[in-house]
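Biologist: I should like to learn how to read the features of a structure that is new to me. May we take them one at a time?

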Amino acid sequence: PRGRPGRGGGQTPPPAPGAGVAPHPTAAGIVIPNTVAIIRGTRRKTDGQKLTDFLLSEATELALARSQARQIPLGPVPSDSLPADVRDLTAHAKDAIDLTLLGPARAECLAWLKSEYLK
């Protein structure tokens, strides 16, 4: 099954598309996913959703995978449509680490930054 061992010995679910993955070392460097986010409270939420939908569309993901960016598609894209080197990188995406689990550490870090720099 996809996922990785959880603290209780069970499996944690794999990250949702767009949840983020940690950089993965390779012989030639690291694999860092492209990201997109809709900022909470934005007045342009509909525009942000349209951009997100466009970036996650199959046509855009294939175009980015075939470009010099060599983006690994997050959504379902036929693997035979991908360049061979990008197809090889998709295996790393299956080992993704769900960065949403870092929420508590993020909150602690932000609190410290605010206490130090917003005096």
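Biologist: To begin with a single residue, is Arg44 buried or exposed?

Modeller: Please keep in mind that this is a predicted model. A residue is called exposed when its relative accessible area is over 50%. Arg44 has a relative accessible area of 58%, so Arg44 is exposed.

Biologist: With which residue does the side chain of Arg44 meet in a salt bridge?

Modeller: The general idea is that side chains of opposite charge can pair when their charged atoms come close. In this structure, Arg44 meets Asp47 in a salt bridge, at 3.1 Å from N to O. Asp47 is partly exposed, with 37% relative accessibility.

Biologist: How many salt bridges does a search of the whole structure find?

Modeller: The search finds two. Besides the pair just described, the side chains of Asp85 and Arg70 meet in a salt bridge, with 2.9 Å from N to O. This pair links distant parts of the chain, 15 residues apart: Asp85 belongs to helix α3 (residues 84-93), while Arg70 lies in the loop between α2 (58-66) and α3. Asp85 is partly exposed at 37% relative accessible area, and Arg70 is also partly exposed, at 31%.

Biologist: How are the helices and strands arranged along the sequence?

Modeller: One reads the elements in order along the sequence. The chain has four helices and four strands, and their pattern is β-β-β-β-α-α-α-α.

Biologist: Where is Gln71 found, and is Gln71 buried or exposed?

Modeller: Gln71 is in the loop between α2 and α3. A residue under 20% relative accessible area is called buried; Gln71, at 12%, is therefore buried. Leaving aside residues up to four places away in sequence, Gln71 touches Asn34, Glu61, Leu64, Ala65 and Val86.

Biologist: Which residues make up the largest nonpolar core?

Modeller: To read such a core, one looks for buried nonpolar residues joined through their side chains. Here the largest has five residues, namely Leu62, Ala65, Val77, Leu82 and Val86. Two of its members, Ala65 and Val86, are among the residues that Gln71 touches. Val77 touches Leu62 and Leu82, and also Glu58 and Glu61, when residues up to four places away in sequence are not counted.

Biologist: What share of the residues in the chain is buried?

Modeller: Buried residues make up 17% of the 119 residues. The chain exposes about 9,100 Å², of which carbon and sulfur atoms supply 59%. As for contacts with a separation of 6 or more, residues 24 or more positions apart account for 31% of them.

Biologist: Which residues form a nonpolar patch on the surface?

Modeller: The patch consists of Leu110, Trp112, Leu113 and Tyr117, and together they have about 430 Å² of accessible area. Leu113 is located in helix α4 (residues 103-117) and is partly exposed, at 33% relative accessibility.

Biologist: How many aromatic pairs are there?

Modeller: The count comes to one aromatic pair. Trp112 and Tyr117 form this pair, with 6.2 Å centre to centre and 85° between the planes. An angle over 60 degrees counts as edge-to-face, and the arrangement of Trp112 and Tyr117 is accordingly edge-to-face. Both residues also belong to the nonpolar patch. Trp112 is partly exposed at 47% relative accessibility, whereas Tyr117 is exposed at 62%.

Key: Residues are numbered from 1 along each chain as its sequence is written. This is a predicted model: local features need pLDDT of at least 70, side-chain atom pairs count only at pLDDT 80 or more; totals for chains, interfaces and linings use all residues. Side-chain values use heavy atoms; hydrogens and water are left out. A salt bridge is a side-chain nitrogen of Lys or Arg within 4 Å of a carboxyl oxygen of Asp or Glu. Buried means under 20% relative accessible area, exposed over 50%, partly exposed in between (1.4 Å probe, protein chains only). Helices (H or I, at least four residues) and strands (E, at least two) are DSSP runs, numbered from the N terminus. Patches are made of residues with over 30% relative accessible area and no salt bridge: like charges are joined within 9 Å, nonpolar side chains (Val, Leu, Ile, Met, Phe, Trp, Tyr) within 5 Å. Accessible areas come from the Shrake-Rupley method with a 1.4 Å probe; for residues, only the protein chains shown count as cover. Contact means heavy atoms within 4.5 Å. Rings of Phe, Tyr and Trp (its six-membered ring) pair if their centres lie within 6.5 Å; planes under 30 degrees apart count as stacked, over 60 as edge-to-face and the rest as tilted. A nonpolar core is a set of buried Ala, Val, Leu, Ile, Met, Phe, Trp, Tyr and Cys residues joined through side-chain atoms within 4.5 Å.
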